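Biologist: I would like to learn how to read a model feature by feature. Please take the surface before the fold.

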Amino acid sequence: MAGERIQTPLRRVLYLGSAREGTGHFWRQRLTAVANVPLVIAFVIVMLSVVGRPYDVVVDRLGSPLVAALLLLMVGSIAVHMRLGMQVIIEDYIHGEGARIAALMANTFFTVLIAVVAGVAILKLALGG
């Protein structure tokens with residue numbers, strides 16, 4: 001008992017639970033959700049501006065540096081948000097340790113794959129490849 005510290009409930013909460021990362025995960029998910037709002041609105045505006053346009057106009061507009069940067073930011077933010085959201089679902093509903101680890105790994109690999117493929121497509125448009 002001599003080395004044991006007495007903690008208030010608030011102090012225990014501030015330690016973030018057994019994984020020590022609950023609050024950070026929560027805030028990253030909220031931050032990406034907030035970031036997604038203006039990024040998706042910008043995406044919708046850009047897409048509406050190219051509806052019915054000739055192919056060359058669409059490629060030029062989507063490949064412009066500002067639009068490409070917005071699209072890359074959107075893909076990155078959405079990918080992180082998707083990974084965090086699926087992580088919570090996997091941790092809550094997959095109970096076997098091996099299956100949970102496999103699903104978490106698959107979630108990360110799938111998210112990275114989607115982000116890289118979308119990023120390469122955007123960069124291809126932006127760099128004229």
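Modeller: This is a predicted model. On its surface, V40, V44, L48, V51 and I78 form a nonpolar patch, and together they have about 420 Å² of accessible area.

Biologist: Which helix gives the largest share of the nonpolar patch?

Modeller: Helix α2, residues 22-50, supplies three residues of the patch, the largest share. L48 is found in helix α2.

Biologist: Is L48 buried or exposed?

Modeller: A residue counts as exposed when its relative accessible area is over 50%. L48 has 61% relative accessibility, so L48 is exposed.

Biologist: What does the secondary structure of the protein chain come to?

Modeller: The chain has five helices and zero strands. Read from the N terminus, the order of elements is α-α-α-α-α.

Biologist: How many residues are in the protein chain, and what percentage of them are buried?

Modeller: The chain has 129 residues, and 20% of them are buried.

Biologist: How do α4 and α5 pack, in angle and in distance between their axes?

Modeller: Helix α4 covers residues 65-93 and helix α5 covers residues 97-127; they pack at an angle of about 170 degrees, and their axes lie 10 Å apart. Angles over 145 degrees count as roughly antiparallel, and α4 is therefore roughly antiparallel to α5.

Biologist: How many residues of the contact of α4 with α5 are nonpolar, polar and charged?

Modeller: The contact of α4 with α5 contains 16 nonpolar residues, along with five polar and three charged ones.

Biologist: Let us take single residues of α5. Where does A118 lie, and what is its distance to V75?

Modeller: A118 is a residue of helix α5. Its C-alpha atom is 7.0 Å from that of V75, although A118 and V75 are 43 residues apart along the chain. A118 counts as partly exposed, because its relative accessibility is 24%.

Biologist: And V120: buried or exposed?

Modeller: V120, also placed in helix α5, counts as exposed because its relative accessibility is 51%. The C-alpha atoms of V120 and L72 are separated by 9.4 Å, with their positions 48 residues apart along the chain.

Biologist: For α4, what can be said of L84?

Modeller: L84 is in helix α4. Buried means under 20% relative accessible area. L84 has 2%, so L84 is buried. From L84 to H25 the C-alpha distance is 7.4 Å, and the two residues are 59 apart in sequence.

Biologist: Where is V59, and how far in space is V59 from A126?

Modeller: V59 belongs to helix α3, which covers residues 55-63. The C-alpha atoms of V59 and A126 are 8.4 Å apart, while the residues are 67 apart along the chain. V59 is partly exposed, because its relative accessible area is 22%.

Biologist: Now the charges. Why can side chains of opposite charge pair?

Modeller: Pairing is possible when the charged atoms of such side chains come close. In this model, a search of the whole structure finds one salt bridge. E97 forms a salt bridge with R100, and their closest N and O atoms are 2.9 Å apart.

Biologist: How many residues apart are E97 and R100, and in which helix do they lie?

Modeller: Both are in helix α5, and they are three residues apart, about one turn of the helix.

Biologist: Is R100 buried or exposed?

Modeller: The relative accessible area of R100 is 18%, so R100 is buried.

Notes: Residues are numbered from 1 along each chain as its sequence is written. This is a predicted model: local features need pLDDT of at least 70, side-chain atom pairs count only at pLDDT 80 or more; totals for chains, interfaces and linings use all residues. Side-chain values use heavy atoms; hydrogens and water are left out. Axes are lines fitted to C-alpha atoms, for helices over the stretch in contact, and angles run from 0 to 180 degrees between N-to-C directions. Helices (H or I, at least four residues) and strands (E, at least two) are DSSP runs, numbered from the N terminus. Angles under 35 degrees count as roughly parallel, over 145 as roughly antiparallel, 65 to 115 as roughly perpendicular and the rest as oblique. Ala, Val, Leu, Ile, Met, Phe, Trp, Tyr, Cys and Pro count as nonpolar, Asp, Glu, Lys and Arg as charged, and the others, Gly among them, as polar. Patches are made of residues with over 30% relative accessible area and no salt bridge: like charges are joined within 9 Å, nonpolar side chains (Val, Leu, Ile, Met, Phe, Trp, Tyr) within 5 Å. Accessible areas come from the Shrake-Rupley method with a 1.4 Å probe; for residues, only the protein chains shown count as cover. A salt bridge is a side-chain nitrogen of Lys or Arg within 4 Å of a carboxyl oxygen of Asp or Glu. Buried means under 20% relative accessible area, exposed over 50%, partly exposed in between (1.4 Å probe, protein chains only).
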